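Subject: The structure we talked about

Hi,

Here is the structure I promised to pass on. Have a look at it first, and then read on for what turned up.

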Amino acid sequence: MSAFATLLRRDLGLLLPGGRGGAGILPLLFFLAVAMLYPFAVGPDAQLLARTGGGVIWVAALLAAILPLEKLVSADLEAGVFDQLHLRGVSEEWAMASRLIAHWLAFAPLLLLAALPAAALLGLSADTTRTVLLGLVAGTPGLAAVGLAVAALTASLRGGAALAGLMVIPLAVPILIFGAGSLARPDPSGLLLTAAISLGLCAIAPIAAGSALRAAREN
């Protein structure tokens with residue numbers, strides 16, 4: 001457990017804004033840019049913005065989550081970091097579990113904070129804003145898990161960053177369906193399904209990503 005804590009501290013230092021491998025505040029700026037530009041695209045109709053704004057926030061969150069994928073795994077794979085961890089007895093699955101936690105902490109809290117001004121820009125009500133925030137809390141771990149697994153699968157491929165972005169979008173569709181769909185339901189079933197999908201993805205992602213890293217090392 002102490003080795004895992006040390007690895008997690010390293011990953012947090014790497015991926016948090018200001019770290020050498022992180023994407024900084026780019027996801028936050030991208031998220032806010034989408035929220036600011038959307039009203040210009042659809043016009044000043046307050047009812048239309050309030051009706052569609054929650055879905056726009058979800059789409060912006062997905063696209064923002066894609067931005068850090070390029071440096072999430074590939075840089076350490078090329079530098080041989082995972083080989084060194086393997087030699088020190090740290091399995092690829094444990095390494096990817098640490099990277100998943102660090103990846104989520106690096107982008108999700110910023111998106112949750114940015115969702116408040118974004119909701120104000122889109123004219124969302126207090127109840128809708130609360131549902132959006134709860135949905136993002138439930139759904140962003142799943143987005144992080146999908147991103148990590150895809151980043152590991154494509155890390156050793158030429159043009160892997162572009163391919164990773166294309167792969168994440170369809171894989172994240174179930175999270176978007178139930179997360180954004182919860183805005184149209186009076187009961188919490190959509191949020192619960194979003195959380196269940198996220199938990200399942202978080203359980204699977206370190207195993208899938210670890211297997212991908214092992215295959216890349218053996219080849």
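Leaving aside neighbours within four places in sequence, which residues is leucine 136 in contact with? Before the answer, one caution: this is a predicted model, so please read everything below with that in mind. With those neighbours set aside, leucine 136 touches Ile57, Trp58, Ala61, Leu112, Ala115 and Pro141.

Leucine 136 also turns up in the largest nonpolar core, which has 61 residues. Phe31, Ile57, Val73 and Leu136 are the ones with the most contacts inside that core. Helix α6 gives the most to the core, with twelve residues.

You may want to set this beside the database record. An unreviewed UniProt entry lists residues 21-42, 48-67, 104-126, 132-154, 161-184 and 190-213 under "transmembrane region". I can give you the shape of two of those stretches. In the model, residues 48-67 are 95% helix and 0% strand, with the end C-alpha atoms 28 Å apart. Residues 132-154 come out as 100% helix and 0% strand, and there the end C-alpha atoms are 31 Å apart.

Now the charged side chains. Side chains of opposite charge can pair when their charged atoms come close. How many salt bridges does the count come to? The count is seven, and I'll walk you through some of them.

Start with arginine 10. The arginine 10 side chain meets that of aspartate 11 in a salt bridge, at 3.4 Å from N to O. Arginine 10 also forms a salt bridge with aspartate 76, where the closest N and O atoms are 3.2 Å apart. That second pair links distant parts of the chain: aspartate 76 sits in helix α4 (residues 74-79) and arginine 10 in helix α1, 66 residues apart. As for exposure, arginine 10 is partly exposed at 29% relative accessibility. Both of its acidic partners named here are buried: aspartate 11 has a relative accessible area of 0%, and aspartate 76 is at 5%.

Another salt bridge joins the side chains of glutamate 92 and arginine 214, at 3.0 Å from N to O. Glutamate 92 lies in helix α6 and arginine 214 in helix α10 (residues 189-218), so this pair ties together parts that are 122 residues apart in sequence. Glutamate 92 counts as buried, at 4% relative accessibility, whereas arginine 214 is partly exposed at 25%. Elsewhere, salt bridges that share partners join Arg10, Asp11, Asp76 and Arg99 into one network.

Last, the aromatic rings. The count comes to one aromatic pair. Why is the pair of phenylalanine 4 and tryptophan 94 edge-to-face? The ring centres are 5.1 Å apart and the planes of phenylalanine 4 and tryptophan 94 are at 70 degrees, so the pair counts as edge-to-face, the cut-off for that label being over 60 degrees. This pair also links distant parts of the chain, with phenylalanine 4 in helix α1 (residues 2-15) and tryptophan 94 in helix α6 (residues 92-121), 90 residues apart. Phenylalanine 4 is buried, at 16% relative accessibility, while tryptophan 94 is partly exposed, with a relative accessible area of 47%.

Cheers

Definitions and conventions
Residues are numbered from 1 along each chain as its sequence is written. This is a predicted model: local features need pLDDT of at least 70, side-chain atom pairs count only at pLDDT 80 or more; totals for chains, interfaces and linings use all residues. Side-chain values use heavy atoms; hydrogens and water are left out. Rings of Phe, Tyr and Trp (its six-membered ring) pair if their centres lie within 6.5 Å; planes under 30 degrees apart count as stacked, over 60 as edge-to-face and the rest as tilted. Helices (H or I, at least four residues) and strands (E, at least two) are DSSP runs, numbered from the N terminus. Buried means under 20% relative accessible area, exposed over 50%, partly exposed in between (1.4 Å probe, protein chains only). A salt bridge is a side-chain nitrogen of Lys or Arg within 4 Å of a carboxyl oxygen of Asp or Glu. UniProt positions are given in the numbering used here, feature names are shortened, and annotations may be inferred rather than shown by experiment. A nonpolar core is a set of buried Ala, Val, Leu, Ile, Met, Phe, Trp, Tyr and Cys residues joined through side-chain atoms within 4.5 Å. Contact means heavy atoms within 4.5 Å.
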